[in-house]
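Please find below a colleague's note on the structure, set out as numbered points for checking against the coordinates.

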Amino acid sequence: MTITRVLGIETSCDETSAAVVEYDGHTFSQRSLVILSQDVHRLFGGVVPEIASRQHLTALPPVVRAAMADAEADARVCDAIAVTNAPGLVGALLVGVHYAKALGLARGLPVLPVHHMEGHLFATALEHPDAEPPFTALLVSGGHTLLIDVAAWGEYRLLGRTRDDAAGEAFDKVAKLLGLPYPGGRPLEELARSGDPSRYRFARPMLKRSQRPEDADYYDLSFSGLKTAVLLAVREAEAAGTLEEARPHLARAFQDALVDTLVAKTHRAARQHGRQRIVLGGGVACNGALQAAMRAAARAPLAVFAPSPRLATDNAAMIAAVGAFRFRRGERGADTFSAHASMPLPGMLEADQRIAATR
Ligand code: KG4
Ligand code: ZN
């Protein structure tokens, strides 16, 4: 059995990452993964694009060398290079794209452009061989919230997406309201652990029993109203001088509302399309309450798969996995591709401009 070996490169946001992944046509296996996170953005409460590009520029060469060394590989034993070219911060993406092209040229290797969100779809399969299509995917990150039916690798149907804030963005903004550091998802989850769920209750956004599959809002999501509801409750508690005591309860009520909506809509999608697997991806997939609720709502044989935090957040192994799949399918890339801030997910069954993903 031939093995396809791909070097992956990811620089779309604030993680500089490189990885070597092997694929035998059935199973992906990670030979190495190096991720360098740019902590500097914490000082600014968000990612500063110009700083991100500059840091990728200095970090990428040693990160690639370390990934090669860890895999005990060098470019000569790789079949291809896969690089994220969209969506993301254009300056940051360009660093990865140009580096990959130069390396490809020097080593005589094809360079395949990879859509970052397709990477998140593949990430869980690196750890759980059963997380393979067909499945229902919920991708929840700082920039995206997508509900996708995955009939096969490379065959996707977009069912729903957020109409305003992404789930991770909502976590980050509410965390800020509650005085937590950036990025706020994990600190908010920790704070919510000591929250009493009966103290506050926020409406479940975009979730009504009366919704039917043909309705536009059956799968779509929205989190900005929930964020405003938390803001009003914070102001009220502040005025009453009870904010400090209320913080964990507010965090808990926010998380419960967001998780309930995500779980209900994902299970709707799985049921409606007859899928027996749900695969979670993106940074918010690290959330223990989300994973537990998604599993609690699943009746056998429906199974829920979630990646470990290292593969849920941005990493190059998932990009290499997509590249290995595409290389095996006969794709050899082109010299002409560039970096794009947004781009439709390749492989959509319908030309669906709604996916023109935001970031
Ligand atoms: O996928 P990711 O690493 O980067 C993007 O592509 O955006 O996701 C980052 C997002 C941040 O908004 C962060 O707050 C959120 O994932 N996040 C979490 C948790 N861990 C990370 N949100 C909720 N609960 C968590 N445990
Ligand atoms: Zn991401």
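The points below take up the domains, the cores, the ligand site, a group of charged residues and the backbone geometry of this predicted model.

1. Domain division. The protein chain falls into two domains: domain 1 is made of two segments, 4-122 and 313-345, while domain 2 covers 132-306. The C-alpha centres of domain 1 and domain 2 are 28 Å apart. To the contact between them, domain 1 contributes 16 residues and domain 2 contributes 18 residues.

2. Largest nonpolar core. This core comprises 47 residues, and Leu 178, Leu 188 and Phe 254 have the most contacts inside it. At least two residues come from each of strand E6 (135-140), helix H4 (167-177), helix H5 (185-192), helix H6 (224-240), helix H7 (243-272), strand E9 (277-281) and helix H8 (288-296). H7 provides the largest share, with 13 residues.

3. Surroundings of Leu 188. Which residues does Leu 188 touch, not counting residues up to four places away in sequence? They are Phe 171, Val 174, Ala 175, Leu 178, Leu 180, Ala 251, Phe 254 and Gln 255. Two of these contacts, Leu 178 and Phe 254, are themselves named among the core residues with the most contacts.

4. Another core. Apart from the core described above lies another, of 41 residues. Its members include Leu 146, Ile 319, Ala 324 and Met 348.

5. Ligand site. Ligand 1 is surrounded by 22 residues, the closest being Gly 142, Asp 172, Gly 185, Glu 189 and Gly 283. Three polar approaches to oxygen atoms of the ligand deserve inspection. A polar backbone atom of Gly 142 is 2.8 Å from an oxygen atom of ligand 1. For Gly 185, a backbone N or O atom lies at 3.0 Å from a ligand oxygen. With Asp 314, by contrast, the side chain supplies the N or O atom, and the distance to an oxygen atom of ligand 1 is 3.2 Å. Ligand 1 taken alone exposes 550 Å², of which the protein buries 89%.

6. Arg 204 and Asp 260. Arg 204 is in the loop between H5 and H6, whereas Asp 260 belongs to helix H7. Their side chains make a polar contact at 2.9 Å. A polar side-chain atom of Arg 204 also lies 2.8 Å from the backbone oxygen of Phe 202. Leaving aside residues up to four places away in sequence, Arg 204 touches Asp 256, Ala 257, Asp 260 and Thr 261; on the same basis, Asp 260 is in contact with Arg 204 and Leu 207.

7. Exposure of this pair. Are Arg 204 and Asp 260 buried or exposed? Arg 204 counts as buried because its relative accessible area is 16%, and buried means under 20%. Asp 260 is partly exposed because its relative accessible area is 35%, which lies between the 20% and 50% limits. As a further distance for orientation, the C-alpha atoms of Asp 260 and Ala 125 are 25 Å apart, with the two positions 135 residues apart in sequence numbering.

8. Asp 217. This residue also has its place in the loop between H5 and H6. Its relative accessibility is 19%, and Asp 217 therefore counts as buried, the cut-off being under 20%. Not counting residues up to four places away in sequence, Asp 217 touches Arg 163, Met 206, Lys 208, Gln 211 and Lys 265.

9. Met 206. One of the contacts of Asp 217 is Met 206, which lies in the loop between H5 and H6. Met 206 has a positive phi, near 60°, although the residue is not glycine. Most residues other than glycine have a negative phi.

10. Cis peptide bonds. Where are cis peptide bonds found in the model? One joins Ala 86 and Pro 87, with omega about -15°, and Pro 87 is in the loop between strand E4 (80-86) and helix H2 (90-107). Another runs from Pro 133 to Pro 134, with omega near 0°, and Pro 134 is placed in the loop between H3 and E6. Most peptide bonds are trans.

11. Helix H3. Helix H3, residues 116-123, is mostly covered, with eight of its eight residues buried. The buried residues include charged or polar side chains as written in the list: His 116, Met 117, Glu 118, Gly 119, His 120, Leu 121, Phe 122 and Ala 123.

Definitions and conventions
Residues are numbered from 1 along each chain as its sequence is written. Chains are lettered from A and ligands numbered from 1 in the order in which they are written. This is a predicted model: local features need pLDDT of at least 70, side-chain atom pairs count only at pLDDT 80 or more; totals for chains, interfaces and linings use all residues. Side-chain values use heavy atoms; hydrogens and water are left out. A nonpolar core is a set of buried Ala, Val, Leu, Ile, Met, Phe, Trp, Tyr and Cys residues joined through side-chain atoms within 4.5 Å. Buried means under 20% relative accessible area, exposed over 50%, partly exposed in between (1.4 Å probe, protein chains only). Helices (H or I, at least four residues) and strands (E, at least two) are DSSP runs, numbered from the N terminus. Contact means heavy atoms within 4.5 Å. A residue is near a molecule or strand if one of its heavy atoms lies within 4 Å of it. A polar contact is a pair of N or O atoms within 3.5 Å; within protein, one must be able to donate a hydrogen and the other to accept it, and residues adjacent in sequence count only if both atoms are side-chain atoms. Accessible areas come from the Shrake-Rupley method with a 1.4 Å probe; for residues, only the protein chains shown count as cover. Domain bounds come from an automatic or database domain assignment.
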